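Reader: I've got a new model open and want to talk it through. Can you take me from the overall fold down to the details?

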Amino acid sequence: MRMIPGHDEIGRLTRTVEIFFIVLAALLLTVNIVRALSAGMFLHWWALPVLVIAACGADLVSGLVHWTADTWFSETMPVLGRRFLRPFRVHHVNPDDFLRRNFADCNGDVAMLNTPILLAALAVPVSSESGAALSLALMVFAATSLPTNQVHQWAHMPAPPAAVRWLQHWRIILSTDDHARHHQEPYVANYCIATGWCNRSLAGLGFFPACERLITKCFGIEPRSDERTFLDRSVRLQPDHEIQETA
Ligand SMILES: [Zn+2]
Ligand SMILES: [Zn+2]
């Protein structure tokens, strides 16, 4: 028998803050969409390219954040370690634990991070075409980023809702098989988890291995050194979080 760590349960205060930011982000996104429609932003020739580039940008950023958290720093570092890095460590040794996280826990942090971007999109004047294009880009970036963790959770569900399966089937959002490659040895592929659109191109370019070689060369640190020791350390130091057993 071996014990596997699970996620930290969030408290009432954190849950309240998470829900506040989810509601705020949803309201800001709605206001942005109404403003974009009333300003006729979608009627310009550049609307479609801006939309595609911003959505790809959001997927790329999801990959960079995920790769950074998976690859560098230690789960034992102050503040960010427990709050930001530990969920990634737990997810790799216990992927199904992600399905136990509720809606607020799953989406609150990403909503919080996207709130300034949605405010910035509203602050940009749309009287000029360049301003309108920038505002649209920020809005689409945030709209694509907002459900990242939800999309990731759906990719782990054995039977997600029919509409989600349709979106996954047409590769509009991250598909189950696309993300499954991330959880297969050597666990270094398909970091992008918003739409998954960038995964194939980045793999073809060898983008993340090249970044890792560069960082190792510059700073002398080894990728995934913390992850390699996480399970043993977690079982030894945090017995109160050992919530599952497996053979
Ligand atoms: Zn990962
Ligand atoms: Zn996953």
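Author: Sure. One definition to start: helices are DSSP runs of H or I with at least four residues, and strands are E runs of at least two. Keep in mind that this is a predicted model.

Reader: On that basis, how many helices and strands does the chain have?
Author: Read along the sequence, the pattern is β-α-α-α-α-α-α-α-α-α-α-α-β. So there is a strand at each end of the pattern, with helices in between. The count is eleven helices and two strands.

Reader: What radius of gyration does the chain have?
Author: The C-alpha trace spans about 60 × 45 × 40 Å along its principal axes. For 247 residues, a compact globule would come out near 18 Å, and the chain agrees with that. Its own value is 19 Å.

Reader: Which atoms coordinate the zinc ion (ligand 1)?
Author: Along the chain, its donors follow the spacing H-x3-D-x21-H-x89-H. D70 sits in helix α2 and H92 in helix α3, 22 residues apart. Coordination is at 2.1 Å, and the donors are H66 (NE2), D70 (OD), H92 (NE2) and H182 (NE2).

Reader: Is that site tetrahedral or irregular?
Author: A tetrahedral call needs all angles between 85 and 135 degrees. Here the angles among the four donor atoms run from 91 to 168°, so the upper end breaks that rule. The site is irregular.

Reader: Is D70 buried or exposed?
Author: Buried means under 20% relative accessible area. H92 has 16%, so H92 passes. D70 has 2%, so D70 is buried.

How values were computed: Residues are numbered from 1 along each chain as its sequence is written. Chains are lettered from A and ligands numbered from 1 in the order in which they are written. This is a predicted model: local features need pLDDT of at least 70, side-chain atom pairs count only at pLDDT 80 or more; totals for chains, interfaces and linings use all residues. Side-chain values use heavy atoms; hydrogens and water are left out. Donors are N, O and S atoms within 2.8 Å of the metal (3.2 Å for Na, K and Ca); water is not among the atoms, so sites may look incomplete. Four donors count as tetrahedral if all angles lie between 85 and 135 degrees; four count as square planar and six as octahedral if opposite donors are over 155 degrees apart and all others between 65 and 115; anything else is irregular. Buried means under 20% relative accessible area, exposed over 50%, partly exposed in between (1.4 Å probe, protein chains only). The radius of gyration is taken over C-alpha atoms; the globule rule is 2.2 Å times the number of residues to the power 0.38.
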